[in-house]
Amino acid sequence: MLCSEVIKRQLLQLTRRQMSSSSNRVAPIGNVLTNDDFTLLLADEQRQKCMDKLRNLPTFERTRTMAHNKREKRSAAVFIALCVERDTNAISLLYTRRSRHLRSHSLQISFPGGKRDDDDASFLDCALRETEEEIGLPRDRVQTWGESNPILLPRTSAIVPVIGVVKDFHVSELKLNCDEVEEVISIPLKSLLLPSATRHTQFRSGYSGPVFVVDQHRIWGITGYLTYVFLRCLLPSHMMCEALKTSIKFIRPYKIPPKLIHHHVEPKLNDKTVA
């Protein structure tokens with residue numbers, strides 16, 4: 001009987017250690033999205049929530065020291081495509097790398113899109129037209145969700161994100177306009193949610209903005225901000241990484257250290273005089 005009691009105590013202690021060890025395990029890094037998660041993100045209810053949030057984004061608060069720019073009077077549209085990959089049914093976001101021959105922002109990563117023309121019936125029409133011209137994706141391949149309100153940011157055009165879904169997608173179906181686009185990049189949604197992918201950059205003006213780094217691809221500037229805002233509108237809280245839960249504005253002001261004052265120091269004169 002005594003031996004039996006000792007064995008029972010030892011088994012109980014071992015069970016407690018195992019339970020404690022299990023509770024202290026480090027959670028896996030990053031969110032692992034499943035096919036059920038992808039289905040949820042594309043459901044009508046989640047689509048409506050996403051678009052409602054996009055249409056109620058707070059306006060950017062310009063500081064007094066930030067001068068206006070003539071480009072702010074223009075308007076443009078970008079297409080944010082939720083691509084359902086043909087082989088895996090996983091969701092990716094579609095980006096382009098701007099052509100090296102372009103005068104501005106060459107080789108930077110952006111969403112398809114551009115300036116709205118007078119012939120465009122709407123911003124949605126503008127985004128789909130620009131997308132077809134740049135990468136050869138026909139508008140009949142897109143299931144559109146709609147467009148957000150214009151996003152007014154400093155020193156750039158007012159931007160209207162247009163959201164849509166492209167099912168059974170593969171990059172091989174695209175035909176690039178090499179005068180405008182260097183390459184097309186399909187980045188898995190789950191890669192954008194890894195903690196190692198979310199960063200920020202600081203500009204000389206004292207502001208910082210969200211950045212996403214996936215492999216060798218660096219998504220920053222306006223495109224980084226649009227990615228950040230869209231993911232916050234699309235994803236339920238339990239799917240977000242911690243960086244996305246941080247409610248930062250497009251560019252969060254950082255204090256710039258004061259400039260050092262360089263005092264002019266007179267050279268010391270030699271006490272000895274030359275005869």
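Tutor: Let's start with a rule: two rings of Phe, Tyr or Trp pair if their centres lie within 6.5 Å, and planes under 30 degrees apart count as stacked. Keep in mind that this is a predicted model. The structure holds one aromatic pair.

Student: Why is the pair of Y95 and F111 called stacked?

Tutor: The centres of Y95 and F111 are 4.7 Å apart, with 25° between the planes. Pairing asks for centres within 6.5 Å and stacking for planes under 30 degrees apart, so both conditions are met.

Student: What makes this pair a tie between parts of the chain?

Tutor: Y95 belongs to strand β2, whereas F111 sits in the loop between β3 (109-110) and β4 (113-115), so the pair ties together parts that are 16 residues apart in sequence. Both Y95 and F111 are buried.

Student: T96 is also in strand β2. What makes T96 count as buried?

Tutor: Its relative accessibility is 2%, and buried means under 20%, so T96 qualifies. Leaving aside neighbours within four places in sequence, T96 is in contact with nine residues you can pick out in the structure: Q108, I109, S110, F111, P112, I135, V181, E183 and V184.

Student: Why is Q143 called partly exposed?

Tutor: Its relative accessible area is 43%, and partly exposed covers what lies between under 20% and over 50%, so Q143 falls in that class. Q143 is in strand β5 (residues 143-147). Not counting residues up to four places away in sequence, Q143 touches G164, V165 and K167. Of these, K167 is 24 residues from Q143 in sequence, with 8.3 Å between the two C-alpha atoms.

Student: How do you know that R116 sits over the ring of F123?

Tutor: R116 lies over the face of F123 at 4.6 Å from the ring centre. The distance limit is 6 Å, so the value of 4.6 Å is within it.

Student: Now for helix α6. What makes its length close to the expected one?

Tutor: Helix α6 (residues 221-234) has 14 residues and reaches 20 Å from first C-alpha to last. The expected span is 1.5 Å times one less than the number of residues, and for α6 this is 20 Å.

Student: Why is α6 described as largely enclosed?

Tutor: Because 12 of its 14 residues are buried, α6 is largely enclosed by the rest of the structure. Among the buried ones are Y225, L226, F230 and L231.

Student: What does α6 give to the largest nonpolar core?

Tutor: That core has 44 residues, and F230, L231 and L235 touch the most other members. Helix α6 supplies the largest share, eight residues. A second, separate core of 19 residues includes C83, A127, F169 and V181.

Student: How do you know that C233 is in no disulfide?

Tutor: The nearest cysteine sulfur, that of C50, is 5.7 Å away. A disulfide needs sulfur atoms within 2.5 Å, so C233 has no partner. A search of the whole structure finds zero disulfides.

Student: What makes C233 and C83 buried?

Tutor: C233 has a relative accessible area of 4%, and that of C83 is 0%. Buried means under 20%, so both count. Across the 275 residues of the protein, 40% count as buried.

Definitions and conventions: Residues numbered from 1 in each chain as written. Predicted model: local features only at pLDDT ≥ 70, side-chain atom pairs only at ≥ 80, totals over all residues. Heavy atoms only, no water. Helix = DSSP H or I, 4+ residues; strand = E, 2+ residues; numbered from the N terminus. Buried < 20%, exposed > 50% of the residue type's maximum accessible area, 1.4 Å probe, protein only. Contact = heavy atoms within 4.5 Å. Core = buried A, V, L, I, M, F, W, Y, C linked by side-chain atoms within 4.5 Å. Phe/Tyr/Trp six-rings, centres within 6.5 Å; stacked < 30°, edge-to-face > 60°. Lys NZ or Arg CZ within 6 Å of the ring centre and 35° of its normal.
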